[in-house]
Amino acid sequence: MLDFVVIFTKGGVVLWHSSATESSFASCINSLIRGVILEDRNTEAKYFEEDHLAVQFKLDNELDLVYAAIFQKVIKLNYLDGFLADMQAAFKDKFGGIPSAERLGNEYDFDREYRRVLSAAEEASAKQVKAPKAMRSYNESQKSKKTVASMIQDDKKPVEKRVNIQESPPSSKSQPSSPPENGASMDDIIRENRRKLREKLTPTKKTSPGDPRPSKTTASEKAGKKPRVWDLGGNSKDAVNLDRSKDTPEDVQYQNINSELVGTMQGVIRDLDVESEDDAENEEESSDEEEEEELVQSKKNKRGGLLSYFKGIVGAKTMSLADLQPALEKMRDHLISKNVATEIAAKLCDSVATSLDGKQMGTFDSIASQVKEALTQSLVRILSPKRRIDIIRDALESKRNGRPYTIIFCGVNGVGKSTNLAKICFWLIENDFNVLIAACDTFRAGAVEQLRTHTRHLNALHPATKHDGRTMVQLYEKGYGKDAAGIAMEAIKFAHDTRVDVVLVDTAGRMQDNEPLMRSLSKLIKVNNPDLVLFVGEALVGNEAVDQLVKFNQSLADYSSNENPHIIDGIVLTKFDTIDDKVGAAISMTYITGQPIVFVGTGQTYADLKAINVNAVVNSLMK
Ligand code: GDP
């Protein structure tokens with residue numbers, strides 16, 4: 001049963017309503033107007049819930065009207081889509097389209113039509129209800145086909161590293177949607193993608209087609225597992241070997257550190273630099289004849305891009321969903337090919353469809369530009385979350401209040417938590433904060449040593465002598481096997497007592513389905529009440545991103561006994577340098593959490609840390 005049905009303008013003027021109970025639904029409608037309609041968020045879902053109520057709505061973009069039905073969320077009503085559409089048609093029929101300004105506020109007598117449309121929808125739905133499906137027997141189920149061994153989870157076994165570009169081959173789960181071809185390893189693909197990104201980021205001439213490309217994989221590179229290399233200078237001759245098994249004396253380790261990095265990260269984090277259409281145009285102007293042909297060709301391809309799917313739709317006066325459907329499906333596939341999670345790609349297409357449905361259309365150009373505008377708006381909206389995280393400002397505020405600013409890093413294994421924690425530490429030091437790193441990954445062998453090495457390198461780049469005798473980074477560690485929450489707590493207390501500005505807490509990588517580990521992360525966050533919880537995720541993931549984030553957030557909420565559990569506040573998107581233009585994870589991750597991407601990791605030097613550049617990401621997706 002519907003509790004409340006209402007028709008109102010997007011500006012909030014109610015034209016007509018019908019109420020089945022005495023209750024007030026004002027709060028629900030206000031939330032719909034404020035949170036969904038005015039802020040233009042989530043309109044693609046056409047459904048939201050508040051307390052025990054659910055609201056399903058339909059937008060009429062031509063008339064700027066909203067048709068909404070409110071009902072108890074426990075009830076499942078399968079006829080609402082059709083019912084709201086019929087109601088819209090009946091309302092238009094009766095009042096001749098656009099409600100003029102002088103009519104607003106007058107009574108719209110729509111009761112009779114409403115009852116007619118509602119009973120037609122209810123009758124049609126009753127007829128459609130099919131006999132319930134017979135339950136599958138156990139033998140027919142997938143479960144019966146599993147072996148016992150496949151169902152046992154060995155918690156003692158360290159969780160397999162996911163993608164680690166230098167150490168182990170990636171798991172198939174974490175690969176971008178296209179699998180390696182022609183026997184090329186993921187390393188080859190990543191190297192090739194990195195080369196492409198480097199080319200894009202270099203404003204100088206592109207290599208001509210005949211130029212020999214950097215050799216892919218040498219025989220020595222292929223032979224066996226390589227030690228981890230932390231290239232502090234971005235220049236192979238300056239690379240510092242971080243093979244922890246051969247720890248060298250400090251002075252030897254430091255001699256190759258590229259001090260050119262010092263001073264490069266002062267101030268706010270710089271924007272991610274991804275080729276935009278404008279850049280492409282500038283490049284074309286400055287290119288010489290040899291390159292011209294190549295550039296013209298690539299530009300042609302780009303122009304085709306996503307909008308070319310809408311070419312077939314020409315001349316329809318009023319756009320209907322049926323006209324748009326085939327093109328929308330291609331658009332969805334295009335987004336998925338850019339690594340946007342399937343579910344999110346579908347929602348984006350729905351949002352474009354919703355904003356185009358019923359609009360007046362002309363030539364291909366106007367359709368293409370409307371699609372582009374609708375999609376761009378959705379993407380920009382997703383990537384520009386309402387909350388801005390300003391770490392420098394908040395850390396200064398904490399410092400003034402005499403307490404350390406605390407960030408906890410979490411995520412699955414191998415995504416780059418420790419590495420990017422070290423980059424963020426470098427950025428903080430460059431901005432004159434001193435830092436305590438709390439080594440709370442007490443699980444993975446080598447995790448503490450990895451942080452110790454970073455601490456040494458960071459102190460070498462920023463020695464106390466250059467900071468009025470202050471040691472800029474210290475490590476708080478208690479070895480392995482201990483309670484991580486307890487270590488974090490001691491570290492924060494130590495930082496408080498010794499007036500350290502910022503505490504960065506490294507945690508053990510964990511799979512989102514591992515309940516005991518997720519419980520302990522939730523406890524770590526609850527007892528230490530950090531200022532910020534950052535989820536570290538790699539840009540290589542597609543659908544997996546959604547699963548990770550949904551489950552991390554869900555576990556943090558479920559296993560915290562707090563009324564207001566502290567869930568993920570922001571995202572560190574790593575390995576952006578390895579994905580070429582498959583930038584979809586950025587969209588999926590912000591869509592799921594509604595939280596901002598605070599940092600983007602773009603490589604393996606301390607300076608490879610950027611801020612998200614919304615326009616660049618959107619342009620990349622459109623191509
Ligand atoms: P953790 O297990 O999550 O702490 O991951 P690590 O910090 O140990 O990083 C795993 C691997 O990813 C290391 O080889 C890092 O050098 C590499 N890595 C981390 N961030 C980036 C990045 O932004 N770009 C690239 N190319 N590699 C990265």
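Which residues have the most contacts inside the largest nonpolar core? In this predicted model, they are Ile391, Trp427, Ile587 and Phe599, and the core to which they belong has 114 residues. This briefing takes up the nonpolar cores and then the aromatic rings.

**Nonpolar cores**

- Helix α14, which spans residues 417-430, gives the most to the largest core, contributing eight residues.
- Ile587, one of the residues with the most contacts inside the largest core, is in contact with Val340, Ile344, Leu348, Leu379, Ile382, Leu383, Val617 and Leu621, when its neighbours within four places in sequence are left aside.
- A second core, separate from the largest one, has 26 residues, and Trp16, Leu65, Leu80 and Phe110 are among them.
- As general background, nonpolar side chains in soluble globular proteins tend to be buried together.

**Aromatic rings**

- One aromatic cluster is formed by Trp16, Tyr67, Tyr79, Phe83, Phe91, Phe95, Phe110 and Tyr114; of these residues, Trp16 and Phe110 are also included in the second nonpolar core.
- The count of aromatic pairs comes to 11, and one tilted pair is formed by Tyr476 and Phe494, with 5.7 Å from centre to centre and 50° between the planes.
- Because Tyr476 lies in strand β10 (residues 473-476) while Phe494 lies in helix α16 (residues 484-497), this pair ties together parts that are 18 residues apart in sequence.
- The two partners can also be described by their exposure: Tyr476 is buried, with a relative accessible area of 13%, whereas Phe494 is partly exposed, with a relative accessible area of 31%.

Key. Residues numbered from 1 in each chain as written. Predicted model: local features only at pLDDT ≥ 70, side-chain atom pairs only at ≥ 80, totals over all residues. Heavy atoms only, no water. Phe/Tyr/Trp six-rings, centres within 6.5 Å; stacked < 30°, edge-to-face > 60°. Helix = DSSP H or I, 4+ residues; strand = E, 2+ residues; numbered from the N terminus. Buried < 20%, exposed > 50% of the residue type's maximum accessible area, 1.4 Å probe, protein only. Core = buried A, V, L, I, M, F, W, Y, C linked by side-chain atoms within 4.5 Å. Contact = heavy atoms within 4.5 Å.
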